[in-house]
Amino acid sequence: MAFAAPVLTDAVRLPVWTLIALGVAVIAWAALILVMMARMPSRSVLRVVMVVNLLAAAVIAAVSGVAATVLVVLAILAIAVDVALFAGSQFIALRRLRPVA
């Protein structure tokens with residue numbers, strides 16, 4: 001999104017700087033998840049990721065309600081990617097969790 005911001009700005013009716021900031025934020029979030037996975041218990045990371053994903057989904061839904069129709073499509077795709085990444089993080093975390101006796 002950060003790299004495509006100049007192309008997307010007219011379609012989604014958001015300023016270029018907003019799209020760039022959002023793209024950079026997603027990259028930073030992905031890096032933070034990797035750091036958390038290395039330093040925190042997996043269950044804690046799953047909780048943090050879940051809460052942030054819920055907040056992100058709410059923001060996406062709010063923005064899609066007031067922006068261009070194209071943004072609705074992009075929001076649905078973003079949510080799909082978000083859910084897939086969340087599932088991937090759950091898979092990694094669950095593989096690291098030891099069975100409870």
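**Exercise 1. Locate alanine 2 in this predicted model and establish whether alanine 2 is buried or exposed.**

Solution. Step 1: alanine 2 belongs to the segment before helix H1, the helix of residues 5–12. Step 2: the relative accessible area of alanine 2 is 16%. Step 3: buried means under 20% relative accessible area, so alanine 2 is classed as buried.

**Exercise 2. Identify the residues in contact with alanine 2, leaving aside neighbours within four places in sequence.**

Solution. Step 1: with those neighbours set aside, the contacts of alanine 2 are Leu19, Ile20, Gly23 and Val24. Step 2: for isoleucine 20, the C-alpha to C-alpha distance to alanine 2 is 4.0 Å, although 18 residues separate the two in sequence. Step 3: Leu19 and Gly23 also appear among the buried residues of H2.

**Exercise 3. Determine whether isoleucine 27 is buried or exposed, and state how far its C-alpha atom lies from that of alanine 2.**

Solution. Step 1: isoleucine 27 is part of helix H2. Step 2: its relative accessibility is 53%. Step 3: the cut-off for exposed is over 50%, and isoleucine 27 therefore counts as exposed. Step 4: the C-alpha atoms of isoleucine 27 and alanine 2 are 9.4 Å apart, with their positions 25 residues apart along the chain.

**Exercise 4. Test whether the span of H2 agrees or disagrees with its 24 residues at 1.5 Å a residue.**

Solution. Step 1: the expected span is 1.5 Å times one less than the number of residues, and for the 24 residues of H2 this gives 34 Å. Step 2: the end C-alpha atoms of H2 are 35 Å apart. Step 3: the separation therefore agrees with the expected span.

**Exercise 5. Describe the largest nonpolar core and the helices that supply it.**

Solution. Step 1: the core consists of 8 residues, namely Ile33, Met36, Met37, Val45, Leu46, Val49, Phe86 and Ala93. Step 2: at least two of these residues come from each of H2 (16–39), H3 and H4 (69–96). Step 3: the buried residues of H2 are Thr18, Leu19, Gly23, Ile33, Met36 and Met37.

**Exercise 6. Examine methionine 36 as a member of that core.**

Solution. Step 1: methionine 36 is found in helix H2. Step 2: a relative accessible area of 9% places methionine 36 in the buried class. Step 3: beyond residues up to four places away in sequence, methionine 36 touches Trp29, Val45, Val48 and Val49. Step 4: valine 49 is 13 residues away along the chain, and its C-alpha atom is 9.9 Å from that of methionine 36.

**Exercise 7. Characterise leucine 54 and the surface patch to which it belongs.**

Solution. Step 1: leucine 54 sits in helix H3, which covers residues 42–66. Step 2: because its relative accessible area is 57%, leucine 54 is exposed. Step 3: Met50, Val51, Leu54 and Leu55 make up a nonpolar surface patch, and their combined accessible area is about 390 Å².

**Exercise 8. Summarise the protein as a whole: how many helices and strands are there, and what share of the residues is buried?**

Solution. Step 1: the protein contains 4 helices and 0 strands, in the order α-α-α-α along the sequence. Step 2: 22% of its 101 residues count as buried. Step 3: its accessible surface is about 7,100 Å², and carbon and sulfur atoms account for 76% of that surface.

Conventions
Residues are numbered from 1 along each chain as its sequence is written. This is a predicted model: local features need pLDDT of at least 70, side-chain atom pairs count only at pLDDT 80 or more; totals for chains, interfaces and linings use all residues. Side-chain values use heavy atoms; hydrogens and water are left out. Patches are made of residues with over 30% relative accessible area and no salt bridge: like charges are joined within 9 Å, nonpolar side chains (Val, Leu, Ile, Met, Phe, Trp, Tyr) within 5 Å. Accessible areas come from the Shrake-Rupley method with a 1.4 Å probe; for residues, only the protein chains shown count as cover. A salt bridge is a side-chain nitrogen of Lys or Arg within 4 Å of a carboxyl oxygen of Asp or Glu. Helices (H or I, at least four residues) and strands (E, at least two) are DSSP runs, numbered from the N terminus. Buried means under 20% relative accessible area, exposed over 50%, partly exposed in between (1.4 Å probe, protein chains only). A nonpolar core is a set of buried Ala, Val, Leu, Ile, Met, Phe, Trp, Tyr and Cys residues joined through side-chain atoms within 4.5 Å. Contact means heavy atoms within 4.5 Å.
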